[in-house]
Amino acid sequence: PYQYDDVGLYLFPDEIGRRMNTYVDFRYQSNEDDVAGGWMQVKFSPISTITIDIYHLQLYESVFAQDGFRYSFTNFSIQYNRVRGPRFQFWRSLGVTRIGGNVDDTEVGGSLGIGATYYIRKPVSLYTDFRWSYFPNTLGTTGVYDIRVQTHHKQFTVYAGLNILGGDLGWLSWSLGGGIQFLDGKRREVE
């Protein structure tokens with residue numbers, strides 16, 4: 001992002017552009033009461049319109065207690081990058097989520113999502129990602145909502161924001177994290 005001062009991640013088809021990229025993201029989360037955890041995400045875009053997105057969220061309730069509860073969410077989604085402008089991106093996703101940890105039963109459910117990134121001004125962007133998963137036996141509909149302000153430094157992204165788990169859990173936590181962008185180094189001229 002921001003290789004050029006006024007352009008976010010994707011370029012118009014008639015300009016020099018990227019063929020593929022990979023983004024790896026790590027984060028620490030805490031709601032400062034009794035829940036803390038970590039997040040790891042890998043996004044791979046073999047072409048600019050499609051992204052394969054895998055994330056794992058691990059949360060610990062009463063972190064320092066012997067009997068603390070653990071919750072884990074693992075999501076696999078295919079993301080369609082619908083709008084890819086120089087300053088704004090919008091995507092939709094369809095996937096599957098697995099919930100585990102100390103929850104009574106491990107369960108798998110379908111997921112839907114939408115998200116957007118707005119590149120405000122170099123090096124800052126605003127990122128949002130909302131996903132809903134349905135677990136009929138344990139949690140019903142559970143949302144994972146991610147809102148953050150990011151700064152981009154060549155291949156690195158640093159951010160702070162909020163992560164919300166909706167539904168029965170109802171946790172709001174702040175997050176600090178960073179990511180690394182691996183780009184296809186080959187450039188091509190589109191005629």
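Which ring does Arg148 lie over the face of? The partner is Tyr159, and Arg148 is placed at 4.0 Å from the ring centre. With that contact as a way in, let us take a friendly walk through the rest of the chain. Please keep in mind that this is a predicted model.

## The chain as a whole

The chain has 10 strands and zero helices. Read from the N terminus, its elements run β-β-β-β-β-β-β-β-β-β. The chain holds 191 residues, and 43% of them count as buried. Its accessible surface comes to about 10100 Å², and carbon and sulfur atoms account for 61% of this area. Consider now the contacts between residues at least 6 apart in sequence: 49% of them join residues at least 24 apart.

## Strands S3, S4 and S5

A good place to look next is strand S4, which covers residues 69–84. On one hand, S4 is joined to strand S3 (residues 50–61) by 12 bridges, and the two run antiparallel. Within this pairing, Ile50 stands opposite Tyr80 in S4. On the other hand, 13 bridges join S4 to strand S5, made of residues 88–101, again in an antiparallel arrangement. Here Ser77 stands opposite Gly95 in S5. S4 and S5 form a hairpin, with three residues between them.

In a regular strand, side chains alternate between the two faces of the sheet. You can keep this in mind while following the strands in the model.

## A closer look at Thr51

Thr51 belongs to strand S3. Is Thr51 buried or exposed? Its relative accessibility is 3%, and because the cut-off for buried is under 20%, Thr51 counts as buried. The side chain of Thr51 also takes part in polar contacts with other side chains. One of them joins Thr51 to Ser45 at 2.7 Å, and another joins Thr51 to the side chain of Asn81 at 3.0 Å.

## Aromatic rings

How many aromatic pairs does the count come to? The count is six. One of these is formed by Phe130 and Tyr145, a tilted pair with 5.9 Å centre to centre and 55° between the planes. Phe130 lies in strand S7 (residues 124–135) and Tyr145 in strand S8 (residues 140–153), so this pair ties together parts that are 15 residues apart in sequence. Phe130 is partly exposed, at 23% relative accessibility. Tyr145 is partly exposed as well, with a relative accessible area of 21%.

Tyr145 also pairs with Trp132: the ring centres are 6.0 Å apart and the planes lie at 65°, so this pair is edge-to-face. Trp132 sits in strand S7 and Tyr145 in strand S8, and the pair links these distant parts of the chain, 13 residues apart. Trp132 is partly exposed, with a relative accessible area of 34%. Through ring pairs, Phe130, Trp132 and Tyr145 are linked into a cluster.

## Arginines over rings

To finish, we return to the kind of contact that opened this report. Besides Arg148 over Tyr159, the charged end of Arg27 sits over the ring of Trp39, 4.1 Å from its centre. The table sets out both arrangements.

| Arginine | Ring | Distance to ring centre |
|---|---|---|
| Arg27 | Trp39 | 4.1 Å |
| Arg148 | Tyr159 | 4.0 Å |

Notes
Residues are numbered from 1 along each chain as its sequence is written. This is a predicted model: local features need pLDDT of at least 70, side-chain atom pairs count only at pLDDT 80 or more; totals for chains, interfaces and linings use all residues. Side-chain values use heavy atoms; hydrogens and water are left out. Two strands pair if DSSP finds at least two bridges between them. Helices (H or I, at least four residues) and strands (E, at least two) are DSSP runs, numbered from the N terminus. Buried means under 20% relative accessible area, exposed over 50%, partly exposed in between (1.4 Å probe, protein chains only). A polar contact is a pair of N or O atoms within 3.5 Å; within protein, one must be able to donate a hydrogen and the other to accept it, and residues adjacent in sequence count only if both atoms are side-chain atoms. Rings of Phe, Tyr and Trp (its six-membered ring) pair if their centres lie within 6.5 Å; planes under 30 degrees apart count as stacked, over 60 as edge-to-face and the rest as tilted. A charge sits over a ring if NZ of Lys or CZ of Arg is within 6 Å of the ring centre and within 35 degrees of the ring normal. Contact means heavy atoms within 4.5 Å. Accessible areas come from the Shrake-Rupley method with a 1.4 Å probe; for residues, only the protein chains shown count as cover.
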